[in-house]
Amino acid sequence: MEHGKNKILVADDDKEIRDILSMLLTQEGYEVVLARDGREVLEKAEETIDLYLLDVSMPAMSGFSAGAQLRKRFMAPIIFLTAYSEESDKMLGFSAGADDYVTKPFSNAELLIRIKALLRRVQQYSLPSPEASGNRTGHSGKIFFRDLVIDQESQSVTKDGELIVLTYTEFKILELLALHPGKLFSLDNIYQSVWQEQAVGDETIMVHIKNIRKKLGDNSRTPRYIKTAWGKGYYVE
């Protein structure tokens, strides 16, 4: 989708923040939908929305709760805005379906960079991978790995025929590893490959790996899918 046609739903219980974000995003050419709390987010959610920007602390229904419900229905990326920066809070946010997590106070430039990066990645996911015909692929755009089928066209994963709901970021990490069996990826390698920018130096990748394993029903101590090379990174075989 061309920039300028992307629709972003912004949710915050503070009217001043909603107005500021609406003005900022509108000036960048985005179409903006506003919501005051989590319940209104779910009421206004639809397939045409390309990204959700949700404040965590909202009345009636929190951003985390709304994000978890959104993830059951839609694959659009979610960015949480929060005043909390603890790793446990980030883990909770990613578990609720977040693709990114921005801590308040933040600069407008930083927020726009993260939004543009996420939308760019979503656009890239919709394109056929140049490696789609490579190792472990049978039908065009599908990667067969153990009992998983990773469909690059629909960005979906099934396990023994059952759909596994992953976020865009989780899907891209799993796709990256499955396309390169036996290759060890460091945290920086994964971050640069998925985000296409320098690693930020936090534990974002580790949290995403933990969530992927949980959704796949994997055991981190004796994993079947994503293996850990302690102190070095992750790989599949």
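## Two sheets and two nonpolar cores

Val157 makes a handy starting point: leaving aside residues up to four places away in sequence, Val157 touches Leu148, Val149, Ile150, Glu162, Leu163, Ile164, Leu166, Phe171 and Leu174. This contact list, like everything below, comes from a predicted model.

Val157 also turns up in the largest nonpolar core, a set of 27 residues. Val157, Ile173, Ile190 and Ile226 are the members with the most contacts inside that core. Strand 6, strand 7, helix 6, helix 7 (187-195) and helix 8 (204-216) each give two or more residues to the core. Helix 6 supplies the largest share, with 7 residues. There is also a second, separate core, made up of 21 residues, and Ile49, Met58, Phe64 and Phe80 are among them. As a general point, nonpolar side chains in soluble globular proteins tend to be buried together.

Zooming out, the protein has 8 helices and 11 strands. Of its 237 residues, 49% count as buried. The accessible surface adds up to about 11500 Å², and carbon and sulfur atoms account for 50% of that area. What share of the contacts between residues at least 6 apart in sequence joins residues at least 24 apart? In this protein the figure is 57%.

Next come the sheets, beginning with an open one of 5 strands. These strands pair in parallel, in the order 2-1-3-4-5. Strand 2 and strand 5 (100-103) sit at the edges; each has a single partner strand, so one side of each is left without a neighbour in the sheet. On average, and ignoring direction, neighbouring strands here are turned by 20° against each other.

Strand 1 (residues 7-11) and strand 2 (residues 31-35) run parallel and share 5 bridges. One of the residues involved is Lys7, whose bridge partner in strand 2 is Glu31. To get from strand 1 to strand 2, the chain passes through helix 1 (residues 15-27), and the resulting β-α-β crossover is right-handed. Strand 1 also pairs with strand 3, again in the parallel sense, this time over 4 bridges. In this pairing, Leu9 faces Tyr52 in strand 3.

Two helices can be placed against these strands. Helix 3 (residues 63-73) packs on the sheet and touches strand 3, strand 4 and strand 5, with its direction at about 175° to that of strand 4. Helix 1 lies across strand 1, strand 2, strand 3 and strand 4 (78-82), and runs at about 170° to strand 2.

Leu9 and Tyr52 come up again around Ala45, a residue in the loop between helix 2 (38-44) and strand 3 (51-55). Is Ala45 buried or exposed? With a relative accessibility of 10%, Ala45 counts as buried, because the cut-off for buried is under 20%. Not counting residues up to four places away in sequence, Ala45 touches Leu9, Tyr52, Leu70, Arg73 and Phe74. Ala45 and Leu9 are 36 residues apart along the sequence, yet their C-alpha atoms are 7.9 Å apart in space.

The other open sheet described here has 4 strands, paired antiparallel in the order 6-7-8-9. Its edges are strand 6 (142-145) and strand 9 (162-164); each of them has a single partner strand, so one side of each is left without a neighbour in the sheet. Neighbouring strands in this sheet are turned by 25° against each other on average, direction ignored. Strand 6 and strand 7 (residues 148-151) run antiparallel and are joined by 4 bridges. Ile143 stands opposite Ile150 of strand 7, and Ile150 is also one of the residues that Val157 touches. Helix 6 (residues 168-179) lies across strand 6, strand 7 and strand 8 (156-159), at about 110° to strand 7. Helix 6 is also the element with the largest share of the 27-residue core.

Finally, Arg224 is found in the loop between helix 8 and strand 10 (227-229). Arg224 counts as partly exposed, with 37% relative accessibility. Setting aside residues up to four places away in sequence, Arg224 touches Arg146, Asp147 and Asp218. Arg224 and Glu237 are separated by 13 residues in sequence and by 8.9 Å in space, C-alpha to C-alpha.

Definitions and conventions. Residues are numbered from 1 along each chain as its sequence is written. This is a predicted model: local features need pLDDT of at least 70, side-chain atom pairs count only at pLDDT 80 or more; totals for chains, interfaces and linings use all residues. Side-chain values use heavy atoms; hydrogens and water are left out. Two strands pair if DSSP finds at least two bridges between them. Axes are lines fitted to C-alpha atoms, for helices over the stretch in contact, and angles run from 0 to 180 degrees between N-to-C directions. Contact means heavy atoms within 4.5 Å. A crossover is right-handed if, with the strands pointing away from the viewer, the path from the first strand over the helix to the second runs clockwise. Buried means under 20% relative accessible area, exposed over 50%, partly exposed in between (1.4 Å probe, protein chains only). Accessible areas come from the Shrake-Rupley method with a 1.4 Å probe; for residues, only the protein chains shown count as cover. A nonpolar core is a set of buried Ala, Val, Leu, Ile, Met, Phe, Trp, Tyr and Cys residues joined through side-chain atoms within 4.5 Å.
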